[in-house]
Amino acid sequence: MKQLTLRLPDELYEEAKRIAEREGFSFNAFAIQAFNHYVKNYEVPKHKCFLCGEKADLELDDGRWIYDNCAQIQGELSQR
Ligand SMILES: [Zn+2]
């Protein structure tokens with residue numbers, strides 16, 4: 001099985017940690033729940049990333065769709 005490493009943007013990580021604390025479960029438990037939710041949604045792709053053709057789950061302002069990995073890369077590139 002392929003191993004996945006998920007890296008959340010800092011503000012998303014903080015937000016997730018806050019929610020986990022508020023709801024009274026550990027961050028890991030919350031992360032697993034969120035991941036399961038994500039995987040479940042991932043099974044039914046409706047759009048394809050305009051960059052790489054992967055299943056996309058983020059819609060851009062101009063109506064194109066992007067895979068969140070690519071969006072993150074784009075975001076990092078545009079910050080330079
Ligand atoms: Zn892509």
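1. Let's start at the end of a helix. Right after H1 comes Gly24, and its phi is positive, near 80°. Keep in mind while you look at it that this is a predicted model.

2. H1 itself covers residues 10–23, which makes 14 residues. From first C-alpha to last it reaches 20 Å, close to the 20 Å expected at 1.5 Å a residue. Is this helix packed away or in the open? The number of buried residues in H1 is 0, so the helix lies largely in the open.

3. Now the overall layout. The protein chain has 3 helices and 4 strands. Reading from the N terminus, the order is α-α-β-β-β-β-α.

4. How confident is the prediction? Mean pLDDT for the protein chain is 80, with 84% of residues at 70 or more. Helix H2 (residues 27–42) has the lowest confidence, a mean of 75, while strand E4 (residues 65–66) has the highest, at 92. As a general caution, predicted coordinates should not be read in detail where pLDDT is low.

5. Not much of this chain is buried: 6% of its 80 residues count as such. As for contacts between residues at least 6 apart in sequence, 0% of them join residues at least 24 apart.

6. Which residues form the largest nonpolar core? There are 5 of them: Cys49, Ala56, Trp65, Ile66 and Tyr67.

7. Ala56 is a good place to begin in that core. Setting aside residues up to four places away in sequence, Ala56 touches fellow core members Cys49, Trp65, Ile66 and Tyr67. Its other partners on that list are His47 and Lys48.

8. Tyr67 deserves a look too. You'll find Tyr67 in the loop between E4 and helix H3 (68–78). Why does Tyr67 count as buried? Because 21 other C-beta atoms lie within 10 Å, and the cut-off for buried is 20 or more.

9. Who does Tyr67 meet? Leaving out neighbours within four places in sequence, Tyr67 is in contact with Cys49, Cys52, Glu54, Lys55 and Ala56. Tyr67 and Lys48 sit 19 residues apart in sequence, yet their C-alpha atoms are 7.5 Å apart in space.

Notes: Residues numbered from 1 in each chain as written. Predicted model: local features only at pLDDT ≥ 70, side-chain atom pairs only at ≥ 80, totals over all residues. Core = buried A, V, L, I, M, F, W, Y, C linked by C-beta atoms within 7 Å. Buried ≥ 20, exposed ≤ 12 C-beta atoms within 10 Å, placed from the backbone. Contact = placed C-beta atoms within 7 Å. Helix = DSSP H or I, 4+ residues; strand = E, 2+ residues; numbered from the N terminus. pLDDT = per-residue confidence, 0-100. Expected span 1.5 Å × (residues − 1).
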